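Here's a quick tour for anyone meeting this structure for the first time. Have a look at it below, then read on.

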Amino acid sequence: MQTSRPTICIISFSPIARDARVLRQIHYLAPHYDLVVLGYGAPPQRWRNADSVRWFSVDPPRWYEMQHLKALLVAGRVWQPSTCYELWYWLQRLYRQAFEQLRHIRADLVLANDWSALPLGWRLAARWNAPMILDLHEYAPLEWEEQWTWRLFAAPMTVYFLRHYAVHAAATLTVAPEIARRYHKEFGFLPTVVLNAPEYAPVEDHTVDPHTVRLIHHGGAIRARALELMIDTIRLCDRRYHLSFMLVGDEGYIRYLRIYADRVAPGRVAFLDPVAPDQIVSRIAPFDMGIYLLQPTNYNYSIALPNKLFDFVHAGLAVCVGPSPGMAAFVREWPCGVVAPSFDPAEVAATLNRLGVDEIRAMRQAARVAAARVNAATEMTKVVESCNRLLRRAQAAR
């Protein structure tokens, strides 16, 4: 690793090889800075031998390792939250291991991803006398609000960490304007919005076959997202519509979806092997439409502007979404798709059935226009400029 440039420490307790947002941070910061990256698993192939990136890996927590710590979350609601929540965090092997790996190095700036990296990021930043940027991907206190245990025990802990640490971050980021406004209203800091848009690369258009319209959905196989709604939609659509899934995550849920599709929509639903984040756009570009029916079962789902929406747009696909406020607003702003009136598969199917080839072609053209305006270059420039500004300020203060 070069030593003449400032060093940025990027922390994300996620499988970084599949974390598109963190991979973009690495891609855009590596040309300017030396990077120290900590996360789950081995680095993606592209970064394994990079001179400017030093990689540290930690193992995800195992469920049984956290069982004996639940009492601290309970106690934190009624007795000394600072003591209980700090103990809950630092008694976990994961966070102690991460600190031990990083404490003996030196970085000039810390970029912490999500609330789980916040106490560690702040501790390292204080140790190195370095500024910290906090990227709060979602609205942390309501991350899993549909689960009563989260609302009752974990949400108060995230609020504590945000009030205790995030308010002192030198800069904050998030993924959607509505989330930024809520953080400002409730915590007093206003994050910069960095949309989850991929790299822009022109894609070739193709003729939409009026007899075979191909839909694609990709992403995490998460039961709470009720992906079977899209299978029910295809079942009720005209025979010209076919759906493909490209999923990662819960293998048991993927098997269930395969069985369910074979039963209710035989021959009309396919399952593709997943690809790396930087290959998604080119892989899905041959399809005609992207579809995502995300019921607003929690706050973050309702205002979501997820990676896959921007992947659809950058692949030049028309988009079909339900009335999720965040995605619906984007689709209407850039007229690149259709917004179903509800998440009822019958109403989504009726929305699709009304589309003709000319309408789909016009939506695909609008998607390409949106991709040229909203992409990784336009969004990640905000991150690079924030790092530049904070490092200049820190250098001047020394």
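Over how many bridges do β1 and strand β4 pair, and in which sense? They pair over 5 bridges, in the parallel sense. One thing to keep in mind as you go: this is a predicted model. Below you'll find two sheets, some helix packing and a salt bridge.

**The sheet around β1**

- β1 and β4 belong to an open sheet of 7 strands, and if you walk across it you meet β3-β2-β1-β4-β5-β6-β7, with parallel pairing.
- At the edges sit β3 (53-58) and β7 (192-193), each of which pairs on one side only.
- Strand β4 covers residues 109-113, and its L109 is the residue that stands opposite I8.

**The sheet around β8**

- Another open sheet has 6 strands, running in the order β10-β9-β8-β11-β12-β13, and here too the pairing is parallel.
- β10 (269-272) and β13 (337-339) have just a single partner strand each, so one side of each has no neighbour in the sheet.
- On average, neighbouring strands in the β10-to-β13 sheet are turned by 25° against each other, ignoring direction.
- Look at β8 (residues 213-221) and β9 (residues 241-249) and you'll find a parallel pairing over 9 bridges.
- To pick out one spot in that pairing, G219 has L247 in β9 as its bridge partner.
- In general, strands of a sheet pair through backbone hydrogen bonds, and the pairing can be parallel or antiparallel.

**Helices lying across the strands**

- Helix α9 (residues 228-236) lies across four strands, namely β8, β9, β10 and β11 (289-292), and it runs at about 170° to β9.
- Helix α13 (residues 307-314) lies across β8, β11 and β12 (318-321), running at about 150° to β8.

**Helix against helix: α9 and α10**

- Two packed helices are described by the angle between their axes and by the distance between those axes.
- For α9 and helix α10 (residues 251-264), the angle is about 15° and the axes are 10 Å apart.
- That angle makes α9 roughly parallel to α10, and their crossing is right-handed.
- On the α9 side, the contact uses E228, I231, D232 and R235, which meet Y253, Y256, L257, Y260, A261 and V264 of α10.
- Sort the residues of this α9–α10 contact by type and you get 7 nonpolar, no polar and 3 charged.

**Helix against helix: α1 and α17**

- Helix α1 (residues 20-29) and helix α17 (residues 376-397) have axes that come within 10 Å and cross at roughly 65°.
- That makes α1 roughly perpendicular to α17, and α1 passes α17 in a right-handed crossing.
- R24, Q25, Y28 and L29 make the contact from α1, while α17 brings in A376, A377, M380, V384 and C387.
- The residues of the α1–α17 contact split into 7 nonpolar, 1 polar and 1 charged.

**A salt bridge to find**

- Searching the whole structure turns up 12 salt bridges.
- One salt bridge joins the side chains of R5 and D34, at 3.1 Å from N to O.
- R5 sits in the segment before β1 (7-15) and D34 in strand β2 (residues 34-40), so the pair ties together parts that are 29 residues apart in sequence.

Terms used:
Residues numbered from 1 in each chain as written. Predicted model: local features only at pLDDT ≥ 70, side-chain atom pairs only at ≥ 80, totals over all residues. Heavy atoms only, no water. Axes fitted to C-alpha atoms, helices over the stretch in contact; angles between N-to-C directions. Parallel < 35°, antiparallel > 145°, perpendicular 65-115°, else oblique. Left-handed = near helix turned anticlockwise from the far one by under 90°. Contact = heavy atoms within 4.5 Å. Nonpolar A, V, L, I, M, F, W, Y, C, P; charged D, E, K, R; others polar. Pairing = 2+ DSSP bridges. Salt bridge = Lys/Arg side-chain N within 4 Å of Asp/Glu carboxyl O.
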